[in-house]
Amino acid sequence: MDLVTPSIGLVFWTSLAFICLLILLRKFAWKPILGAIHEREQSIDEALNKAELAKQEMARLTAQNQDLMQQARAERDEILKEAKTLKDGILNEAKKQAQVEGSKLIEKAKIEIENQKKAALAEVKDQVSTLSLEIAERVLRTQLDDKSKQEALVANLLKDVELN
Amino acid sequence: MDCNQVLVSKVKKVIVVFTLLIAFLSIKIDTFAQVDSAVIPVDSVVAESAEAVSGQHGAVEHGKEKFEPTKVIMEHIADSHMWHLWGHTSLPLPVILYTNGGLEVFSSGNFHHGEHDYVGKYNTYRLEEDHIKVVGADGKIDEEASVLDFSITKNVAAMFVAILVILIVFISVAGAYKKRVGKSPKGLQSFIEPIIIFVRDDIAKPNIGHKYAKFMPYLLTTFFFILFNNIFGLIPIFPGGANVTGNIALTFVMALGTMIIVNINGNKYYWKHIFKPDVPFWLYPIMIPVELIGIISKPFALMIRLFANITAGHIIVLSLISLIFIFETLAIAPVSVAFVLFMDVLELLVAFLQAFIFTLLTALFIGMAVEEHH
């Protein structure tokens, strides 16, 4: 029975000591310890959150870079394609133009040739006429020694003129 | 709640081990008791005959005290006005008495282990079975005289030692937190911090909820006070060895503290649950007394649990040691020591377990008192 009878002295000292301990530890131990633990936990959480955000930002940036690269590549392809078509166009145009120019030149040459031909023909005609006139003169000189013959010729010539 | 499962399995294991041990002990003590009862008559016969032959010889025989395990164990379990150090050396502790005449303070060394009476200012005192009694004028103990014993007994002194250690440890740890702001814990700090976090995250938060912060100082102080006193109780030499947490007075104070904290912080739902429970009104005459008893019985269970667990552990260890003296042979010593070692390890677990359970149940009761019903 002695064992389960609380003695007044021990009850008193335990109460006193425990209350003192509670007050002392509360002020000098638990407050700073719990405060420090809480603060550290918060800073760790914050750091982890920040790291997560940084990771996300990194991923975003990488994706963006990828996108940009893709875009650039597409653009380059576009430009190349455009350049090719342009080149093809220019070539075709040039060919066409060359053809046109060529044909024009040929045309011109033809006309020139024609002209030259005409001129040459005209000259030939001229020369032929001159030559024939000279020949005619010489023939006439020889033939127009007598008067009758002259007259006959004039008449003949007049006839010719009229015909013309 | 996986923590609770672990706990349950641990408790089961402890129960199995205890049962085996008690079974073993009962067999041993039983066989011994038979031997003892057989020996005593022979012994006394021898003594008597020896006395008859020669008075001197008889006196020598009487001088050899018979070993009484119950008395020895109870002496160790109970409180004392001396702190036994070794052999015949004891540390006298101050005696503080509140008598009719007034306060009386003197050293317990004046009793000379109860062999002498001490004549104080107001009365003459005698130490009988470690209780201080007033001696009347006729030289007999005056049972009528009321004297309140506020002495610094062995338990009080051991508790002060534990408190001193707690204060040194935790104030130095708090200092470490101030010195190493925001850094990882180091040394003692890293040993203490997980326990503090355990109390916070596994005891306070799940049981009390978001209002846990207000009760953290009480829960932590309770936990470490019980834990340190339990561990000091396991150390057999000075300044340990006192059965502080296995004393009903201490567990009574702790349980009273819990009861006061719970009932002071009880909200209207808590009181409504007691005085207007959700039962038909004709059940009130049964329910209200039951609930009122519940207020007392919860801390009462706390008090008994801690007291019984620690005292039982001490009794088992002392019983095992006593085996050596009961058998009066050194051959049993290795067995005893092996079992004591085993029990000490188990008691170390129990020291943590009981501190944990006391704190957990306190948190649970507080949680029930501050819970909001919607």
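The exercises below, each with a worked solution, concern a predicted model with chains A and B.

**Exercise 1. The make-up of chain B**

Task: State how many helices and strands chain B has, and into which domains chain B is divided.

Solution.
- Step 1. Count the elements: chain B holds 10 helices and 8 strands.
- Step 2. Read off the domain bounds: domain 1 covers 2–66, domain 2 covers 81–149 and domain 3 covers 154–370.
- Step 3. Compare positions: between the C-alpha centres of domain 2 of chain B and domain 3 of chain B there are 32 Å.
- Step 4. Look at burial: of the 374 residues in chain B, 30% are buried.
- Step 5. Look at contacts: taking those in chain B between residues at least 6 apart in sequence, 60% join residues at least 24 apart.

**Exercise 2. Helices α7 and α10 of chain B**

Task: Decide whether α7(B) and α10(B) are roughly parallel or roughly antiparallel, and describe their contact.

Solution.
- Step 1. Start from the general rule: the angle between the axes and the distance between the axes describe two packed helices.
- Step 2. Find both values: helix α7 (residues 248–265) of chain B packs on helix α10 (residues 333–370) of chain B at an angle of about 20°, and their axes are 8 Å apart.
- Step 3. Apply the cut-off: angles under 35 degrees count as roughly parallel, so α7(B) and α10(B) are roughly parallel to each other.
- Step 4. Give the hand: α7(B) and α10(B) cross in a right-handed way.
- Step 5. List the residues: α7(B) contributes M254(B), T258(B), I261(B), V262(B) and N265(B), while α10(B) contributes F358(B), T362(B), F365(B), I366(B), A369(B) and V370(B).
- Step 6. Sort them by class: the contact of α7(B) with α10(B) has 8 nonpolar residues, 3 polar residues and no charged residues.

**Exercise 3. Helices α9 and α10 of chain B, and the loop between them**

Task: Work out how α9(B) is directed relative to α10(B), then describe E328(B) in the loop between these helices.

Solution.
- Step 1. Find the angle: helix α9 (residues 284–327) of chain B and α10(B) pack at about 175°, their axes being 9 Å apart.
- Step 2. Apply the cut-off: an angle over 145 degrees counts as roughly antiparallel, so α9(B) is roughly antiparallel to α10(B).
- Step 3. Sort the contact: between α9(B) and α10(B) there are 18 nonpolar, 4 polar and 4 charged residues.
- Step 4. Turn to the loop: E328(B) sits between α9 and α10 of chain B.
- Step 5. Recall the general case: most residues other than glycine have a negative phi.
- Step 6. Compare: E328(B) has a positive phi, near 55°, and is not glycine.
- Step 7. Judge exposure: E328(B) has 9 other C-beta atoms within 10 Å, so E328(B) is exposed.

**Exercise 4. Helices α4 and α6 of chain B**

Task: Find which term describes the orientation of α4(B) and α6(B) to each other.

Solution.
- Step 1. Find the values: the axes of helix α4 (residues 154–179) of chain B and helix α6 (residues 216–234) of chain B cross at roughly 120° and come within 10 Å.
- Step 2. Name the orientation: α4(B) and α6(B) are therefore oblique to each other.
- Step 3. Give the hand: the crossing of α4(B) and α6(B) is right-handed.
- Step 4. List the residues: A158(B), M159(B), V161(B), A162(B), V165(B) and I166(B) of α4(B) meet F224(B), F225(B), F228(B), N229(B) and F232(B) of α6(B).
- Step 5. Sort by class: the contact of α4(B) with α6(B) has 10 nonpolar residues, 1 polar residue and no charged residues.

**Exercise 5. Two residues of chain B**

Task: Decide whether W83(B) counts as buried or exposed, and do likewise for F352(B).

Solution.
- Step 1. Place W83(B): this residue is in strand β1 (residues 82–86) of chain B.
- Step 2. Count neighbours: W83(B) has 21 C-beta neighbours inside 10 Å, so W83(B) counts as buried.
- Step 3. Name the contacts: leaving out residues up to four places away in sequence, W83(B) touches S90(B), L91(B), L93(B), K154(B), A157(B) and F238(B).
- Step 4. Place F352(B): this residue is in helix α10 of chain B.
- Step 5. Count again: F352(B) has 16 C-beta neighbours inside 10 Å, so F352(B) counts as partly exposed.

**Exercise 6. Between the chains**

Task: State how many residues of chain A and chain B are in contact.

Solution.
- Step 1. Count: 31 residues of chain A contact 39 residues of chain B.
- Step 2. Sort: on the side of chain A that touches chain B there are 22 nonpolar, 5 polar and 4 charged residues.

Methods. Residues numbered from 1 in each chain as written. Chains lettered and ligands numbered in written order. Predicted model: local features only at pLDDT ≥ 70, side-chain atom pairs only at ≥ 80, totals over all residues. Helix = DSSP H or I, 4+ residues; strand = E, 2+ residues; numbered from the N terminus. Buried ≥ 20, exposed ≤ 12 C-beta atoms within 10 Å, placed from the backbone. Contact = placed C-beta atoms within 7 Å. Domains from an automatic or database assignment. Axes fitted to C-alpha atoms, helices over the stretch in contact; angles between N-to-C directions. Parallel < 35°, antiparallel > 145°, perpendicular 65-115°, else oblique. Left-handed = near helix turned anticlockwise from the far one by under 90°. Nonpolar A, V, L, I, M, F, W, Y, C, P; charged D, E, K, R; others polar.
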